[in-house]
Amino acid sequence: MSVVDHVGLWNRCLEIIRDNVPEQTYKTWFLPIVPLKYEDKTLVVQVPSQFFYEFLEDKFVDLLRKTLYKVIGEGTKLMYNVMVDRSSRPPKTVELESTHRTIIPQKPVVNKQIPQVPVSDLDPHLNPEYNFETFIEGGSNKLSRSVAEAVALNPAKTIFNPLFFYGASGVGKTHLANAIGTKIKELYPEKRVLYVSAHLFQVQYTDSVRNNTTNDFINFYQTIDVLIIDDIQEFAGVTKTQNTFFHIFNHLHQNGKQLILTSDRAPVLLQGMEERLITRFKWGMVAELEKPTVELRKDILRNKIHRDGLKFPPEVIDYIAENVSDSVRDLEGIVISIMAHSTIYNKEIDLELAQRIVRKVVNCESKAVTVDDIITTVCRHFNLDASVIHTKSRKREVVQARQIAMYLAKKNTDFSTAKIGTLIGNKDHATVLHACKTIKELTEVDKSFRAEIDEIQADLKRGN
């Protein structure tokens, strides 16, 4: 077999692998692999990091072995080249004819001597109510929860570093980030864990500049083992805070510390953030927490009602779950409001009371907006046939209508970006993210365009 065939061989392997794993798994774990050469019955591939190599070997060694044997032949060996610190680490060879795994520990980075506050004196600022036991799992957060639990069990020893959660307000990002910290403190009490909002971090940094104690501020954060920064989007536009966090991030990451970040949007949509920071946010795992589905909302309601020792009729739970869709906090607020009205006015908890309370909080007079509704409304606004949205047409008016439909679908439905792409033109996740970013930016700088979007949104509500 000629050495020039390595790319073709790996592409044939990818075709088989893609049929045997979920699409997101394929994109996350196999697309980043780069074939380097094939000789002496050994395929050499390059992977992004030591953690990436260990994860592949732990989770997919059987699939890789069967695939390589099928494409190349029995006895094929697989050798990994790790991009990070390649000069200090020999390539790893996996003997695919056995299930033996050789895990080569990561080379430690020497720490500078920094005076440390004793662990017992460091308040992690975690909310103990936000733990894995109280986090209700569903299809919209299953992946994020699984990754969070993996990080909690082995902080900084998985490929998920940094771990970046994003999603709309109230979908559980803060809860999940706190749950990781709480579990780590339980399993590794000696670790220095700190939860801090991006706003507080910025205030602390500003105070340190004013008091000429910036070095102390940086040194303190560089001693943290697990740093959780909530609402990282609030760093947007504050260049000096970003620069300082950049150096803290680098120090912690290079020294094998765990970083967990949350945001209301994906890294690619963060405005006013330095590109070098956005790049680092994408180094590890970027996981979306979607709006909870109806079934998950029902489970969340039942859990809260049971936890609080309350009793709600099933039809009340169903009604709330079907009509309060934006956030978990809204669901919990409705339960509290219903209980308050029931107690104060001595009224029985029934469907009529629930309907009255819910109407004050959300507009639930209309049925849920569907992607088909959105496509129909957008195309009617622009005098287009709805079918053109699903074509490959690159005409400007069609492209913009398609992007607006994607933007409104993200805003008005519970679907993930990948699902939206499938339903609108059979596009991929990245295309939807780009569309949302493009339309959002246009609404911010073009008043007439924003007015058009508002008009379409209003038509959408009226039509439903």
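How do the residues of the lining of the largest cavity divide into nonpolar, polar and charged? Read on to the first view; every view here comes from a predicted model.

**View A. The largest cavity and its lining.**
The lining splits into 1 nonpolar, 1 polar and 4 charged residues. Going by name, L269, Q271, K437, K440, E441 and E444 line this cavity. The space inside comes to about 30 Å³. A search of the whole structure turns up 1 cavity of 30 Å³ or more. As for how such a spot gets found, rolling a probe the size of a water molecule over the atoms shows where empty space is left.

**View B. The hairpin of strand 1 and strand 2.**
Here strand 1 (residues 34-39) runs antiparallel to strand 2 (residues 42-47), and the two pair over 5 bridges. If you want one pair to zoom in on, take K37, whose bridge partner in strand 2 is V44. In a regular strand the side chains alternate between the two faces of the sheet.

**View C. The turn at D40 and K41.**
Just 2 residues sit between the strands of this hairpin, and D40 takes a positive phi near 50°. K41 lies in the loop between strand 1 and strand 2. K41 also goes positive in phi, at about 55°, even though it is not a glycine. Is K41 buried, exposed or partly exposed? With a relative accessibility of 41%, K41 counts as partly exposed.

**View D. H125 in its loop.**
Look for H125 in the loop between strand 4 (92-95) and helix 5. H125 is not a glycine, yet its phi is positive, about 60°. The relative accessible area of H125 is 48%, so this residue is partly exposed.

**View E. The cis peptide bond at P162.**
Which residues does the cis peptide bond in this view join? They are N161 and P162, with omega at about 5°. P162 has its place in the loop between helix 5 (142-153) and strand 5 (163-166).

**View F. Zooming back out to the whole chain.**
To put the close-ups in context, the protein chain has 19 helices and 9 strands. Of its 464 residues, 47% count as buried. The accessible surface of the chain adds up to about 23,200 Å², and carbon and sulfur atoms own 51% of that. Take the contacts with a separation of 6 or more: 72% of them are between residues 24 or more positions apart.

Conventions
Residues numbered from 1 in each chain as written. Predicted model: local features only at pLDDT ≥ 70, side-chain atom pairs only at ≥ 80, totals over all residues. Heavy atoms only, no water. Pairing = 2+ DSSP bridges. Helix = DSSP H or I, 4+ residues; strand = E, 2+ residues; numbered from the N terminus. Buried < 20%, exposed > 50% of the residue type's maximum accessible area, 1.4 Å probe, protein only. Contact = heavy atoms within 4.5 Å. Areas by Shrake-Rupley, 256 points an atom, 1.4 Å probe, with all protein chains shown as cover. 1 Å grid on protein atoms, 1.4 Å probe; cavity = no way out; pocket = protein on both sides within 12 Å on 5 of 7 lines; lining within 4 Å. Points joined across faces, edges and corners; volume = space filled by probe spheres on them. Nonpolar A, V, L, I, M, F, W, Y, C, P; charged D, E, K, R; others polar.
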